[in-house]
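Q: Could you take me through one part of this model up close? I'd like to see how a few residues and the helices around them fit together.

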Amino acid sequence: MKGLIIKDIMCLRKQLTLFFFVMFGTVVISIMFVLSAKYGNIAVMGRQMLEISENGMSQIDIINLANTVMMLFMILPIACVGDMVNVFIADGKAGFNRVSCVIPLSVGKRLFARFLTIFALFGLGVAIDTVLAFILSFLTDICSFGEMFGVMITAASVVSIYSAILIFYCIVLGYGREVYAQVFAILTMIAVFVIIRFKSLKEIFIRIFINEQGFDSDTFWKPLNFIKEKGYVFFIIACAVCILSYFCSLKIAERKRGVI
């Protein structure tokens with residue numbers, strides 16, 4: 001099983017190269033951003049936006065805008081290693097899916113090795129992001145280490161959910177249909193989110209487009225606050241989705257021999 005994990009990581013070597021470049025760029029740009037937000041042009045721009053009363057922005061809005069930018073910085077490295085579709089494409093091109101059945105490992109162990117690859121790469125991304133968050137927490141008071149760590153957990157959990165669903169669809173559809181698997185994975189996540197949050201989305205729609213009350217600041221920043229403070233909720237959901245995806249994928253892989 002160790003060899004399978006190494007094989008999967010080798011299939012992602014281009015993504016890993018991109019990951020390290022993105023990681024380096026993220027470290028440099030994020031440090032420049034927090035320093036500028038504290039001493040430079042971004043700090044000046046924030047004060048000017050507060051002085052212009054017409055825009056209706058408060059100090060909290062300025063801070064949340066900065067938090068959003070920092071959140072995007074923290075998500076980038078994890079997102080670079082989150083797409084497992086290249087493993088399935090490489091396996092198909094090499095014909096590994098036709099000879100995998102002769103490996104003295106059960107389908108369950110072969111599938112489990114692929115899931116372990118996900119967690120190994122995400123663990124690497126989270127570990128590096130944690131070090132970055134620790135450094136940034138000393139350079140700025142815009143966002144605390146706990147809030148940045150919550151954003152990292154949320155980002156890793158969301159990408160883990162996407163990867164788990166993607167593996168399921170890749171096994172269901174088979175080699176050559178990885179693009180469709182990506183589309184279906186994204187659509188599934190959007191559909192589930194809309195179903196779960198349908199009541200809230202309906203209220204927002206009615207408030208903005210029917211009652212024409214506009215979009216108040218508290219409602220606008222509520223998702224950001226949830227991401228920063230409730231990262232463990234996404235982590236629990238990600239664990240449940242990965243377990244469900246594993247067993248569903250295993251059932252299908254056992255019926256479709258030679259797919260993994």
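A: **A close look at Ser160 and the helices**

Happy to. This is a predicted model, and a good place to begin is Ser160, which sits in helix 8, spanning residues 145-173. With a relative accessible area of 6%, Ser160 is buried, because that value falls under the 20% cut-off. Setting aside residues within four places in sequence, Ser160 is in contact with Phe122, Ala238 and Cys242.

Cys242 leads us on to a helix pair. Helix 7 (residues 107-139) and helix 12 (residues 231-255) pack with their axes 10 Å apart, at an angle of about 145 degrees. Their crossing is right-handed. On the helix 7 side, the contact is made by Val107, Gly108, Leu111, Phe112, Phe115 and Phe119. Helix 12 contributes Cys242, Ser245, Tyr246, Ser249, Leu250, Ala253 and Glu254. Sorted by class, the contact between these two helices has 9 nonpolar, 3 polar and 1 charged residues. Cys242 therefore appears both among the contacts of Ser160 and in the contact of helix 7 with helix 12.

Another residue to look at is Val87, in helix 5 (residues 85-94). Val87 counts as buried, at 0% relative accessibility. Leaving out residues up to four places away in sequence, Val87 touches Asp8, Cys11, Leu12 and Arg114. Take Leu12 from that list: Val87 and Leu12 are 75 residues apart in sequence, yet their C-alpha atoms are 6.6 Å apart in space.

Definitions and conventions: Residues numbered from 1 in each chain as written. Predicted model: local features only at pLDDT ≥ 70, side-chain atom pairs only at ≥ 80, totals over all residues. Heavy atoms only, no water. Helix = DSSP H or I, 4+ residues; strand = E, 2+ residues; numbered from the N terminus. Buried < 20%, exposed > 50% of the residue type's maximum accessible area, 1.4 Å probe, protein only. Contact = heavy atoms within 4.5 Å. Axes fitted to C-alpha atoms, helices over the stretch in contact; angles between N-to-C directions. Left-handed = near helix turned anticlockwise from the far one by under 90°. Nonpolar A, V, L, I, M, F, W, Y, C, P; charged D, E, K, R; others polar.
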